[in-house]
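The following exercises are intended to be worked through with the sequence and the coordinates at hand. Each task is followed by a solution in steps.

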Amino acid sequence: MNSMSCLLSFQLWSAINVPISLSPWNISTNSLCSEIKMSPVKTPTETELRIRKILKTLNQLIPPRPFTHMNSTTSATHSTVTILNPRDTYCRGDQLDILLEARDHLGHRKEYGGDFLRARMSSPALKAGASGKVTDFHNVSLSLLLIHPSEGVSALWRARNQGYDKIIFKGKFVNGTSQVFTECGLTLNSSSELCTYLYGRDQEAFYCMKPHHMPCEALTHMTTKNREISYLSVKEKSLFHKKEAESEKSTEKCQTGMKIPVPGGYTLQGRWITTFCNQIQLDTNKINGCLKGKLIYLMGDSTLRQWIYYLPKVVKTLKFFDLHETGIFKKLLLLDAERHTQIQWKKHGYPFLTYSIYSVTDEGYIPREIDRLSGDKNTAIVITFGQHFRPFPIDVFIRRAISVRKAIERLFLRSPDTKVIIKTENIREMHIETEWFGDFHGYIQYLTLNDIFKDLNVGVIDAWDMTVAYGTNNVHPPDVVIGNQINMFLNYIC
């Protein structure tokens, strides 16, 4: 096409047109040649074939975009937005369409798409917001944010998939009174002897440099920090400097296996209101009744750890049980002995990124944790992962998501009544460490996760959609968001 105009519907979360970019990124099995013979070509596994298929789709979705000068990139100031077929009044269930005409900094119409955009409607006075259908109260503001131009999207996608070394892992090995730190990682380019740690049936691997006079089994803790490395050019980095700049309500009960539309709801008076099921707002008594006899396992990152700290504020009978672990990422356990309720949070396995040192002796590799549970109708599992995967090539995330799905399928074979809930990752601060942790990486993972789990009998808490609607822009959303996530979870299991 010769010019770039995009039709935006508020039934969509817009990463508009997302033809976004990366140079082709192939995972191929190369045979090794020697003077004597050629080694046999290894047949790709089912998982490898699935990863290749997803990567092919993503690379088609995100084609390379040229970047010659800042003036040729998309300008929010010069681009125009027009409401199509405007009316004086919009009612619940109506669709609002807007047309974005993208222009560069010289005012020229763009010749290709792929900009990373975020559309949101909001009304601060009503504490209302949505990334999709809303009721118009005549005092609603419309925002369309240009997060990254297509040229920036192209650069981020290429940089993400170019190397595994953006994060430095340090492993702590302990032998009696001696302790040694060595370099670890998802890959290690070293001729030194390595310790290889394999996880799960798909043998996901993690490596550490083997310390002298210590066995590999002596690894006890891990810590991480960002490496001072970038795969963006100086010119490309300039793209990421901060610049100022409802359908009819369903009467069906919320339950696992439902197809979640986009958007799945909106905020009003601070509450999250779903558009696809009959969500009940639970008070303390109803929550106590819902949790009675339940075993709940929270598996994931610190955005899910927020749940286990929030719950005792609402359910006063839940008390923390001391498991004699240390550190801010220790396993946490809530108990209500009288109601036979147990709620546990455990961090997910590598890659887990934090300056704080954490134990690896009781590693929370999610597929393995799921395999350890027998499950029953009173068991519920909540899973979230993604934020810690953003700095690495996308195949790391895809492989883990597939491994988690397989573990859930095995769980359903032995216990089809177990409730499994997937909480997607949420948006976070804009323009902070964009190359490593930016929301573009999170959005691609969000799309990928939805595709991998789309036909599984799980419940989905769309934290991405919710935090866009709330406009939080914080890796750890405020309590009002956490409370509404938990309410959605309870609707699924009660």
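The exercises below concern a predicted model and treat its core, its helix packing, selected buried residues and its backbone.

**Exercise 1. The nonpolar core**

Task: Identify the residues with the most contacts inside the largest nonpolar core, and the helix that gives the most to this core.

Solution.
Step 1. The largest nonpolar core contains 111 residues, and those with the most contacts inside it are Ile383, Ile408 and Phe489.
Step 2. The helix that gives the most to this core is H7, residues 394–414, with 11 residues.
Step 3. Ile408 may serve as an example of the surroundings. With neighbours within four places in sequence left aside, Ile408 is in contact with Ile370, Ile383, Val420, Ile422, Phe453, Leu456 and Val458.

**Exercise 2. Two helices, their span and burial**

Task: Compare the reach of H7 with its expected span, do likewise for H9, and state how many residues of each are buried.

Solution.
Step 1. H7 has 21 residues and extends 31 Å between its first and last C-alpha, which is close to the expected 30 Å.
Step 2. Of the 21 residues of H7, 17 are buried, so this helix is largely enclosed by the rest of the structure.
Step 3. H9 has 15 residues and spans 21 Å from first to last C-alpha, close to the expected 21 Å.
Step 4. H9 is mostly covered, since 12 of its 15 residues are buried. Among them are Phe440, His441, Ile444 and Gln445.

**Exercise 3. Packing of H2 with H9**

Task: Determine how the axes of H2 and H9 are oriented to each other, and which residues make the contact.

Solution.
Step 1. Two packed helices are described by the angle between their axes and by the distance between the axes.
Step 2. The axes of H2 (residues 150–160) and H9 (residues 439–453) come within 10 Å and cross at roughly 75°.
Step 3. Angles of 65 to 115 degrees count as roughly perpendicular; H2 and H9 are therefore roughly perpendicular to each other.
Step 4. H2 contributes Val153, Leu156, Trp157 and Arg160 to the contact, and H9 contributes Phe440, His441, Ile444 and Gln445.
Step 5. By class, the residues of this contact of H2 with H9 divide into 5 nonpolar, 2 polar and 1 charged.

**Exercise 4. Packing of H5 with H11**

Task: Carry out the corresponding analysis for H5 and H11.

Solution.
Step 1. H5 (residues 302–314) and H11 pack at an angle of about 85°, with their axes 10 Å apart.
Step 2. H5 and H11 are therefore roughly perpendicular to each other.
Step 3. On H5, the residues of the contact are Thr303, Gln306, Trp307, Tyr310, Leu311 and Lys313; on H11, they are Asp479, Ile482, Gly483, Gln485, Ile486 and Phe489.
Step 4. These residues of H5 and H11 divide into 6 nonpolar, 4 polar and 2 charged.
Step 5. Phe489 of H11, which belongs to this contact, is also one of the residues with the most contacts inside the largest nonpolar core.

**Exercise 5. Buried residues and their partners**

Task: For Glu48, Leu332 and Leu291, decide whether each is buried or exposed.

Solution.
Step 1. The cut-off for buried is under 20% relative accessible area.
Step 2. Glu48 is placed in helix H1, residues 46–61. Its relative accessibility is 18%, so Glu48 counts as buried. Glu48 and Asp202 are 154 residues apart in sequence, while their C-alpha atoms are 9.8 Å apart in space.
Step 3. Leu332, in strand S16, is buried at 6% relative accessible area. Beyond four places in sequence, Leu332 touches residues including Arg305, Ile308, Phe320 and Ile343.
Step 4. Leu291, in helix H4, is buried at 3% relative accessible area. The residues that Leu291 touches beyond four places in sequence include Ile296, Leu318, Ile343 and Leu490.

**Exercise 6. Backbone features**

Task: Describe the peptide bond from Tyr350 to Pro351 and the phi values of His213 and Asn473.

Solution.
Step 1. Most residues other than glycine have a negative phi, and most peptide bonds are trans.
Step 2. The peptide bond from Tyr350 to Pro351 is cis, with omega near -5°. Pro351 lies in the loop between strands S17 and S18.
Step 3. His213, although not a glycine, has a positive phi of about 60°. His213 is in the loop between strands S10 and S11 and is exposed, at 80% relative accessible area.
Step 4. Asn473 likewise has a positive phi, near 50°. Asn473 is located in the loop between helices H10 and H11 and counts as partly exposed at 28% relative accessibility.

Conventions. Residues are numbered from 1 along each chain as its sequence is written. This is a predicted model: local features need pLDDT of at least 70, side-chain atom pairs count only at pLDDT 80 or more; totals for chains, interfaces and linings use all residues. Side-chain values use heavy atoms; hydrogens and water are left out. A nonpolar core is a set of buried Ala, Val, Leu, Ile, Met, Phe, Trp, Tyr and Cys residues joined through side-chain atoms within 4.5 Å. Buried means under 20% relative accessible area, exposed over 50%, partly exposed in between (1.4 Å probe, protein chains only). Helices (H or I, at least four residues) and strands (E, at least two) are DSSP runs, numbered from the N terminus. Contact means heavy atoms within 4.5 Å. Axes are lines fitted to C-alpha atoms, for helices over the stretch in contact, and angles run from 0 to 180 degrees between N-to-C directions. Angles under 35 degrees count as roughly parallel, over 145 as roughly antiparallel, 65 to 115 as roughly perpendicular and the rest as oblique. Ala, Val, Leu, Ile, Met, Phe, Trp, Tyr, Cys and Pro count as nonpolar, Asp, Glu, Lys and Arg as charged, and the others, Gly among them, as polar. The expected span of a helix is 1.5 Å times one less than its number of residues.
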